[in-house]
Amino acid sequence: MRSTAAPAKLDKAPNKAAVRPNLAEQVYAQLKAEMNDFSLVPGDRFSEAELGQRLGVSRTPVREALFRLRNEGFLEVEPKSGWSVRPIDFNLLEQLYDLRVILELAAVAKLCTHAGPQPAELEALKDIWLVPLSDRLTDPAEVGRLDEAFHATLVLAAGNPEMARVHWDVTERIRIVRHLDFTRADRIEATYVEHAKILRAVMQRKLDQAQLLLKSHVEQSKSEVRKITLATLHEARARVMRGR
C-alpha cells in the first residue's frame with residue numbers, strides 16, 4: 001500500500017554544516033505529524049527514494065529520520081519491501097495507558113495535598129476548560145492538542161520534572177490512538193465535561209473525587225483504544241482528506 005500523504009517540501013537550512021541534522025529533524029517531524037493526523041496509517045509502505053522526492057530532500061536526512069522512527073517503534077523496514085508503518089501493538093498501548101494512569105494519579109495526589117497556593121498552571125487551564133458551551137472548540141485536531149496539554153499540565157504542575165518527562169514520553173507514544181478519540185463529536189463534548197470536573201476537584205483539593213474522575217476519564221479513553229481496527233484508521237484518514 002502506498003502512502004497517500006499530501007506532497008510536502010521541507011525548508012533547507014542555509015548553513016551547510018547544519019543541513020543534515022536540520023533536514024533529518026524536519027523529515028522526522030513531518031512523518032510523525034502524518035502518522036498522527038492519519039495521512040500515514042499502519043500498513044502504509046514507502047521507499048526512501050519516494051519519500052525523499054516527495055519532501056524534496058536527499059537520501060541521508062531521510063535515512064536518519066527513518067531509523068530514528070524505527071528505533072522509537074513507529075516504523076519497520078524489510079530489505080526487499082522497504083519501509084512501512086508498524087501495526088498498532090495493543091498490548092503495548094494497554095501498558096502505556098496503565099503507566100499514564102499511575103503518573104497522573106500521583107500528580108493529582110501531590111496537587112491536592114499541597115498546602116501552598118494553587119500553581120499558576122491550573123489557573124491557565126480554567127480559561128480553556130471552564131468555559132461556556134458556546135466558547136468550546138469543535139475542531140478535532142485543536143481539541144486533541146488541548147487534551148494532551150491538559151494532562152501534561154496537571155503532571156507538570158505537580159512539580160516533578162522527571163515525572164513530567166516520563167509522562168510526555170508516554171503521550172508521544174499513544175498520540176495517534178488518542179487523536180482517534182476526537183474524530184467523534186460526542187467524545188469532544190465528553191472531554192470538556194470530564195476535564196471541567198477533574199479541574200474543579202483538583203482546585204478544591206478533593207483528592208478522592210479528583211482521582212476517581214481522572215481514572216474514569218483515562219479508562220474511558222483506554223476502552224476506546226480496544227475498538228480500533230485498521231478500517232477505523234482508514235476511515236479517519238478519509239475524513240481528514242475530505243476536510244482538506
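Start with the hairpin: select strand 2 and strand 3, which form it with three residues between them. This is a predicted model. Strand 2 covers residues 75-78 and strand 3 covers residues 82-85. The two run antiparallel, joined by four bridges.

Now pick out individual pairs. Select Leu75 and look across to strand 3: Val85 stands opposite. Then select Val77, whose bridge partner in strand 3 is Trp83. As you step along, keep a general rule in mind: in a regular strand, side chains alternate between the two faces of the sheet.

Widen the view to the sheet. Add strand 1, residues 45-46. Three strands now make an open sheet in the order 1-3-2, with antiparallel pairing. Strand 1 and strand 2 are the edge strands, each pairing on one side only.

Next stop: the cavity. A search of the whole structure finds one cavity of 30 Å³ or more. About 60 Å³ of space lies in the largest cavity. To display its lining, select these residues:

- Arg100, Asp147, His151, Arg178 and Asp181, among the lining residues
- Phe182, Arg187, Thr191, His217 and Ser221, also among the lining residues

Which elements give two or more residues to this lining? They are helix 6 (140-157), helix 8 (185-203) and helix 9. Colour the lining by class and you get five charged, four polar and one nonpolar residue.

Stay with the lining and select Thr191, which sits in helix 8. Is Thr191 buried or exposed? Its relative accessible area is 1%, so Thr191 is buried. Show its surroundings, leaving out residues up to four places away in sequence: Thr191 touches Trp129, Asp147 and Phe182. Of these, Asp147 and Phe182 are also in the cavity lining.

Move on to another lining residue, His217. His217 is found in helix 9, residues 207-225. Its relative accessibility is 5%, so His217 counts as buried; the cut-off for buried is under 20%.

Turn on side chains here. What does the side chain of His217 make a polar contact with? The partner is the side chain of His151, at 3.2 Å. His151 belongs to the cavity lining too.

Finish by showing the contacts of His217, again without neighbours within four places in sequence. The set is Asp147, His151, Glu194, His195 and Ile198. Keep Asp147 selected: Asp147 is in contact with His217, is touched by Thr191, and helps line the largest cavity.

Notes:
Residues are numbered from 1 along each chain as its sequence is written. This is a predicted model: local features need pLDDT of at least 70, side-chain atom pairs count only at pLDDT 80 or more; totals for chains, interfaces and linings use all residues. Side-chain values use heavy atoms; hydrogens and water are left out. Buried means under 20% relative accessible area, exposed over 50%, partly exposed in between (1.4 Å probe, protein chains only). A polar contact is a pair of N or O atoms within 3.5 Å; within protein, one must be able to donate a hydrogen and the other to accept it, and residues adjacent in sequence count only if both atoms are side-chain atoms. Contact means heavy atoms within 4.5 Å. Two strands pair if DSSP finds at least two bridges between them. On a 1 Å grid over the protein atoms alone, a cavity is a set of points where a 1.4 Å probe fits but cannot get out, and a pocket is an open set with protein on both sides within 12 Å along at least five of seven lines; lining residues have an atom within 4 Å of a point. Grid points are joined across faces, edges and corners, and a volume is the space filled by probe spheres set on the points. Ala, Val, Leu, Ile, Met, Phe, Trp, Tyr, Cys and Pro count as nonpolar, Asp, Glu, Lys and Arg as charged, and the others, Gly among them, as polar.
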